[in-house]
Amino acid sequence: MAVELSLLALNLAGDQVSGIVADARTPAAAREKTKVEVKPKTPVEKGGKLHVCGTRLCNGAGMPIQLRGMSTSGTQWFANCLVGGMLDALAQDWGASVLRIATYADKEGYTGNPKKFTNLANRLIDMASARGMYVIVDWHWVDPGDPNHGLRNAMAFFKEISARNRHRPNVIYEIVNEAFQASWWEIKSYAEKVIPVIRARDPDSVILVGTRGWSTLGESEYANENEVVAHPVRASNIMYTYHFYAAAHREPFLKALDRASSKLPVFVSEWGTQSWDGSGNDFAMSQRYVDLMARKKISWTNWSIGDGDGDGEIFRKGACRSGRFAGTSVLKPDGVWIRQRIRGYR
């Protein structure tokens, strides 16, 4: 009798561990139906509200975290790619933790129809949030180089975005994509005007500040991170962006990222395996960057979600029209490579 009771206890314990709640006398087939399927936690459920701690991005528990994901191309392009099926694949098949939404200030973007592109950004925020991902809302400033030329529109855009999404724990604001031929003082002045607009509505979300020389911390304009270290933006909970394209940005740029990320909180909000003009891939150099970012827990989003001609658009030409996004058959070589790195494979 004692042996039988012991066996019964073991059976019950085993069933509880496997998620089955049933009497040991219940037939095995019936017990199988009572299994409780526990869905894995989403990135936001696991990470909570993010904040900057020292030179790192940290989760709600104060531990350094690395986000890995994709950036859209300009939201005025590739509409067939910016759909629920793509986000399902990104969140579930790829295991991405972050989506960057690139709202162009010009180039058929925001300035032509502010309401349309603000609504589109909000719709994509909703879609990514529903899938438990973090979201970067990027004011994709390109030309002219000084972002102060678009200050009024930037303030209007972030006023609306931050007011609507102020209660979300997963929204990150990137207030300028890339500046060039603009001094750090001009970029800093711009940032210190836009940040209060966001903080008045969303007081504690992370904000990303673009840097000099197409967001290379000055490396593309024969400067370096020391001007930012010496004269940081006067605001809390901010990070500085660094952009690179591995086929063009070689050893000096890799060293700059390594050096700067030991002094400043850095987020690589845009990078590619190809050159800055969208041609060619250098996977060996890209891997060196990926290894560095993994070692130092530097978060990143890769450019870009699209199905055009360029090597930097992850889907094969015209693939998004099919509505199939999971797996590798719809991807260009760089898409296959990036998917593996987001999933954590070398």
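**Exercise 1. Determine whether Trp 300 is buried or exposed in this predicted model, and place Trp 300 among its neighbours.**

Solution. Begin with accessibility: Trp 300 has a relative accessible area of 0%, and because buried means under 20% relative accessible area, Trp 300 counts as buried. The model is a predicted one, and the values in these exercises are to be read accordingly.

Next, consider the strand around this residue. Six of the six residues of strand 10 are buried, so strand 10 is largely enclosed by the rest of the structure.

Then take the bridge partners. Strand 3 and strand 10 run parallel and are joined by five bridges, and within this pairing Trp 300 is the bridge partner of Arg 68. Strand 9 also pairs with strand 10 in the parallel sense, over two bridges, and here Val 268 stands opposite Trp 300.

**Exercise 2. Work out which kind of closed arrangement the strands form, and how its members pair.**

Solution. The strands form a closed barrel of eight, in the order 3-4-5-6-7-8-9-10, with parallel pairing. From one strand to the next, the twist averages 25°.

One pairing can be followed in detail: strand 5 (residues 134–140) and strand 6 (residues 171–174) are parallel and share four bridges, with Ile 136 having Ile 172 of strand 6 as its bridge partner.

A helix can then be added to this part of the barrel. Helix 7 (residues 184–199) lies across strand 5, strand 6, strand 7 (207–209) and strand 8 (238–245), and runs at about 165° to strand 7.

**Exercise 3. Classify the aromatic pair of Phe 244 and Tyr 289, and state which parts of the chain it ties together.**

Solution. The structure holds 13 aromatic pairs. For Phe 244 and Tyr 289 the ring centres are 3.6 Å apart and the planes lie at 10°; since planes under 30 degrees apart count as stacked, the pair is stacked. Phe 244 belongs to strand 8 and Tyr 289 to helix 11 (residues 283–295), so the pair ties together parts that are 45 residues apart in sequence. As for accessibility, Phe 244 is buried at 0% relative accessible area, and Tyr 289 is likewise buried at 0%.

A second pair, Trp 271 and Trp 300, is edge-to-face, with 5.3 Å centre to centre and 85° between the planes. Trp 271 lies in strand 9 (residues 266–272) and Trp 300 in strand 10, so this pair ties together parts that are 29 residues apart in sequence. Trp 271 counts as buried, at 0% relative accessibility.

Beyond these pairs, Tyr 110, Trp 139, Phe 157, Phe 158 and Tyr 173 form one aromatic cluster.

**Exercise 4. List the buried residues of helix 4 and identify the elements against which they pack.**

Solution. In helix 4 (residues 84–93), the buried residues are Met 86, Leu 87, Ala 89, Leu 90, Ala 91 and Asp 93. Their packing partners are strand 3 (68–74), strand 4 (98–104), helix 5 (114–130), strand 10 (300–305) and helix 12 (333–342). Following helix 4 comes Gly 95, which has a positive phi near 75°.

**Exercise 5. Describe the protein chain as a whole, taking its elements, burial and contacts in turn.**

Solution. The protein chain contains 12 helices and 10 strands, and of its 346 residues 53% are buried. Among contacts between residues at least 6 apart in sequence, 75% join residues at least 24 apart. The accessible surface comes to about 15,400 Å², and 54% of this belongs to carbon and sulfur atoms.

Notes: Residues numbered from 1 in each chain as written. Predicted model: local features only at pLDDT ≥ 70, side-chain atom pairs only at ≥ 80, totals over all residues. Heavy atoms only, no water. Pairing = 2+ DSSP bridges. Axes fitted to C-alpha atoms, helices over the stretch in contact; angles between N-to-C directions. Contact = heavy atoms within 4.5 Å. Buried < 20%, exposed > 50% of the residue type's maximum accessible area, 1.4 Å probe, protein only. Phe/Tyr/Trp six-rings, centres within 6.5 Å; stacked < 30°, edge-to-face > 60°. Areas by Shrake-Rupley, 256 points an atom, 1.4 Å probe, with all protein chains shown as cover.
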